[in-house]
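Here are my notes on the side-chain contacts, written as numbered points so that you can follow each one with the structure open beside you.

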Amino acid sequence: MRWIFRVFMTLLTLVVLAIGAVFFIPAEKIADIAEAQFEANTGRRLVISGGVSPTIFPRLGVVLNDVTISNALWAGDTPMIEAAKLDVGVGFSALLGRDIVVEAFEIEAPVIRLQKNKQGDANWDFIAELGGGEDDGGPSQINSISLPKGEITGAVIIYDDAQAGIRQTLENLDASLALTELAGEASVSMSALLNGQAFAVDATVSGLQQLLDGGVQQVVGSLSSSNNLVRFDGVAGLDPLQAKGALDVDIKDQPALFALGGQVAPRIPEGMGQSLDIDGQLTLTPEQDVFLRNATLALDDNILKGDVDVALAGKVPFVTARLAGDRLDFSAMSTDTTEGDGAANAGAGGWSDARIDVSGIEAVEGKFTFKANAVDLGSIQLAQTEMSGTLDRSRLVLEFSKLGAFDGAVSGQFVVNNRNGLSVGGDMRATGVAMQRVLADFAGFDRLVGDAGLSLKFLGVGGTLDEIMKSLSGSGRMDVGAGEMLGLDIAGMLRNLDASYQGEGSKTVFDQISAAFTMDGGVLRNEDLAFRSKYLTATGAGSVDLGGQTVDYRLVPVALASEIDNGISVPVLVTGPWSNIKFRPDLKSLFDRELEEEKEKLKARAKAKEVELRAQAKAKEAELKARAAAKLQAELGVTRAEGESVEDSLKKGLENKAKDALLKLFD
């Protein structure tokens, strides 16, 4: 970085020439000498178009007007530096002692172009162009340099790095510099516009020369923009860029901060960092890795503590975080993650059709672990929570090892994928959850009371909650222990034979409910519901339209089966929108069943009559046969011997008659 000193010394030589020859050498001659001396020391051409004006009062010095410094040969004809006015004042007595005290160094409206080509060559690298070493023309030729007052006003700095593909412009730059000595403390204060956003920088460096030469020095600095403040107190180096020390970040205006980088701030729900306060020990390595240790992060009113690592060398930052909190409030996430006017249709019997904005997961990748004693998600209240997550190319995967929800425990995986449009999915398991709270929060149905074990695999696709719910597919199972079904008194209906019967408390107590289900196109279907209680059992089948928020289900209860043969059964239809579910007996089924029972009775009677008639016919047939046999026996004169059948007796009689007839023929 000693090229800075080479330029500085050349300009000071110009000052000495101007002061020493104020009455003896024409201004044009001074300009010619200065231009020649500058080119000899830097290899760049200095042009003073507006002339040179030596000054004696209020300080010794020189004023240069319309100054330009040429650019590197590869950078074209556009000057590297243009300035409307350059005013330099020195302490003459200090200069006689080989100390340079620049009492004032003022530049008005400069335009400074800092460029790098695709090969990595920098236009400010004067030494490389001259082929000299870093020690040539260095500050060792003088005792010391100090600058009590240095000012730049109305400057424009254009940084164009063709190798990195970066182009930035600082406008309206005003800066002041105070330097006790080159190897001593320096302080700088600067304000400017970057991408149309105002910001200010204040910094103090323990050793400017050492910092510019690539050393690490003590630095205290701050960056402010709008209501945002970043403060650092530690050590830092410029080449390569590195730092280590205490960091304090206070962000109150996210849009202003993102505007500095030429970006639009993502929509951040309340509680997730609309205001952000970070305290911790920062380490920035030459490899562009950032480590924040013993950190405290305040996301609005939510306090998290832990460690955060950020790798900046990739296409997007890669964040590794280990965070823990006590009681966290993220309730605004349930209502503040959408954009546009589509507020929820829930009041009209539907889901929200507002577009869901998850674009923030495209700007970063990483992995994290998270612990909290309680988390408020609005309609969902979480107890002790332990989870981990990965974010890779717009796909967020959350792994729940312990999640206290709905008075039970939940574990499993939840995925948000925004690679090719938004989709959400998961494979979740739960034990001991309060079904009344679960169904009330997710389906607006609060009549099932009992603790349950659940398993659920699901996938939903769409840009709104309405689209996701109408696309849900998957499968699951529910097993509920002892509980109550509010608003349903099947036993009372059966006992009173009244479909409108409610009864005090209006509920049915059960011992167990189990059911498996599938989902497709936002419709949940079940065919094997089993409901068991002391005096009542039931089976069920039907569908729940999750997208349309309606139910069409049929229960077949059997009451008093242990006391009455086949029990008493009245099928119940559960139908209607979630906001007004109706329970009513299936009267058509009752009529159909009674009709079927009557048919069966008639069939039984007909069969019994048929059996009776057949028996009567058989008896009559036997009687007729007996009469005929007796008549033949009498005619044949045969007497049936004991144990001999009628047929054998008649046969014997016929044989005897035949013999008698044959004998008569031969008489």
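1. Glu 467 is partly exposed, with a relative accessible area of 34%, and in this predicted model its side chain meets that of Arg 355 in a salt bridge, with 3.4 Å from N to O. This contact links distant parts of the chain, since Glu 467 belongs to helix α8 (residues 465-471) and Arg 355 to strand β19 (residues 355-356), 112 residues apart. Arg 355 is partly exposed as well, at a relative accessible area of 41%.

2. The contact in the first point belongs to a wider group, for the count of salt bridges in the model comes to twelve. As general background, side chains of opposite charge can pair when their charged atoms come close.

3. Asp 392 deserves a careful look, because at 35% relative accessibility this residue falls between the limits of 20% and 50% and therefore counts as partly exposed. One of its partners is Arg 393, whose side chain meets that of Asp 392 in a salt bridge of 3.8 Å, N to O. Arg 393 has a relative accessibility of 49% and also counts as partly exposed; the upper limit of that class is 50%.

4. Asp 392 also forms a salt bridge with Arg 419, and here the closest N and O atoms are 3.6 Å apart. The two residues lie in distant parts of the chain: Asp 392 sits in the loop between β21 (381-391) and β22 (395-405), whereas Arg 419 sits in the loop between β23 and β24 (423-434), 27 residues apart. For Arg 419 the relative accessible area is 33%, which makes this residue partly exposed.

5. Salt bridges can also join into a network, and one such network links Arg 293, Asp 309 and Arg 322.

6. Turning to the rings, the structure holds three aromatic pairs, among them the pair of Phe 414 and Phe 458, whose centres are 6.2 Å apart and whose planes stand at 40 degrees to each other, an arrangement described as tilted. Phe 414 lies in strand β23 (residues 408-417) and Phe 458 in strand β25 (residues 448-461), so this pair ties together parts that are 44 residues apart in sequence.

7. Are the two rings of this pair buried or exposed, or does the answer depend on the residue? Phe 414 is partly exposed, with a relative accessible area of 26%, while Phe 458 counts as buried at 18% relative accessibility, because buried means under 20%.

Definitions and conventions. Residues numbered from 1 in each chain as written. Predicted model: local features only at pLDDT ≥ 70, side-chain atom pairs only at ≥ 80, totals over all residues. Heavy atoms only, no water. Phe/Tyr/Trp six-rings, centres within 6.5 Å; stacked < 30°, edge-to-face > 60°. Helix = DSSP H or I, 4+ residues; strand = E, 2+ residues; numbered from the N terminus. Buried < 20%, exposed > 50% of the residue type's maximum accessible area, 1.4 Å probe, protein only. Salt bridge = Lys/Arg side-chain N within 4 Å of Asp/Glu carboxyl O.
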